[in-house]
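Reader: I have a protein structure in front of me and would like to learn how to read it. May I put some questions about its parts to you?

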Amino acid sequence: QNDNLQLVWGPGTFGYLPSDLKEFYKEYDLPEKNLLKVNSYGYTGTPGGDNFGEASLDVTYISSMGLGVETLVANTNESSSTE
């Protein structure tokens, strides 16, 4: 059992698409079972928003570098004025 946790946090439109993450894992031959360790908390973001692309990049690389570690993607402020 791995008790470690890694966090990716951002405000506004910050979020990611699980389908994009799955495509990245497939492209780079990463174990898809690790996708089950990526979870969202709070607001899920807005595709196409200013922070959404950055969030997708952050979640993709952090979760793929820390394989086997639970990754929490958190957005606790959905105001676009925070971007």
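Reader: Which residues does Ser 63 touch, not counting residues up to four places away in sequence?

Author: This is a predicted model, and the answers that follow describe that model. Ser 63 is found in helix α2, which covers residues 52–65. Setting aside residues up to four places away in sequence, Ser 63 touches Gln 6, Leu 21, Tyr 25, Asn 34, Val 38 and Thr 71.

Reader: Is Ser 63 buried or exposed?

Author: A residue counts as buried when its relative accessible area is under 20%. For Ser 63 the relative accessible area is 0%. Ser 63 is therefore buried.

Reader: Which side chain is joined to that of Ser 63 by a polar contact of 2.9 Å?

Author: The side chain of Ser 63 reaches the backbone oxygen of Thr 60 at 3.3 Å, but that partner is a backbone atom. The polar contact of 2.9 Å joins the side chain of Ser 63 to the side chain of Tyr 25.

Reader: Where is Asn 34 placed, and is it buried or exposed?

Author: Asn 34 sits in the loop between α1 and β2. Its relative accessibility is 4%, and the limit for a buried residue is under 20%. Asn 34 in this loop therefore counts as buried.

Reader: Which residue shares a polar contact of 2.9 Å with the side chain of Asn 34?

Author: Asn 34 touches Tyr 25, Ser 63, Gly 66, Leu 67, Gly 68 and Val 69, leaving out residues up to four places away in sequence. Among them, the residue whose side chain is joined to that of Asn 34 by a polar contact of 2.9 Å is Tyr 25.

Reader: How are the axes of α1 and α2 placed relative to each other: roughly parallel, oblique or roughly perpendicular?

Author: Two packed helices are described by the angle between their axes and the distance between the axes. The axes of α1 and α2 come within 10 Å and cross at roughly 45 degrees. Angles under 35 degrees count as roughly parallel, and 65 to 115 degrees as roughly perpendicular. The crossing angle therefore makes α1 oblique to α2.

Reader: Which residues of α1 and α2 make the contact, and is the crossing left-handed or right-handed?

Author: From α1, the contact is made by Leu 21, Phe 24 and Tyr 25. From α2, Val 59, Thr 60, Tyr 61, Ser 63 and Ser 64 take part. The crossing of α1 and α2 is right-handed.

Reader: Is Ser 19 buried, partly exposed or exposed?

Author: Ser 19 lies in helix α1, residues 18–27. Its relative accessible area is 49%, and a residue counts as exposed only over 50% and as buried only under 20%. Ser 19 is therefore partly exposed.

Reader: What is the order of the strands in the open sheet?

Author: The sheet holds 3 strands with parallel pairing. Its edge strands are β1 and β2 (38–42), each of which pairs on one side only. The order of the strands is β1-β3-β2.

Reader: Which residue of β3 stands opposite Gln 6?

Author: β1 and β3 (residues 70–75) pair in the parallel sense over 5 bridges. Gln 6 belongs, with Val 8, to the covered face of β1, whereas Leu 5, Leu 7 and Trp 9 form the uncovered one. The bridge partner of Trp 9 in β3 is Ala 74. The residue of β3 opposite Gln 6 is Thr 71.

Reader: At about what angle does α2 run to β1?

Author: Helix α2 lies across β1, β2 and β3. The angle of α2 to β1 is about 170 degrees.

Reader: Which residues does Asn 39 contact, leaving aside its neighbours within four places in sequence?

Author: Asn 39 is found in strand β2. At 31% relative accessibility, Asn 39 counts as partly exposed. Leaving aside neighbours within four places, Asn 39 is in contact with Glu 70, Thr 71, Leu 72 and Val 73.

Reader: Is Asp 29 buried or exposed?

Author: Asp 29 has its place in the loop between α1 and β2, and its phi is near 55 degrees, a positive value in a residue other than glycine. Its relative accessibility is 71%, while exposed means over 50%. Asp 29 therefore counts as exposed.

Notes. Residues numbered from 1 in each chain as written. Predicted model: local features only at pLDDT ≥ 70, side-chain atom pairs only at ≥ 80, totals over all residues. Heavy atoms only, no water. Helix = DSSP H or I, 4+ residues; strand = E, 2+ residues; numbered from the N terminus. Buried < 20%, exposed > 50% of the residue type's maximum accessible area, 1.4 Å probe, protein only. Polar contact = N/O pair within 3.5 Å; in protein donor to acceptor, adjacent residues only side chain to side chain. Contact = heavy atoms within 4.5 Å. Pairing = 2+ DSSP bridges. Axes fitted to C-alpha atoms, helices over the stretch in contact; angles between N-to-C directions. Parallel < 35°, antiparallel > 145°, perpendicular 65-115°, else oblique. Left-handed = near helix turned anticlockwise from the far one by under 90°.
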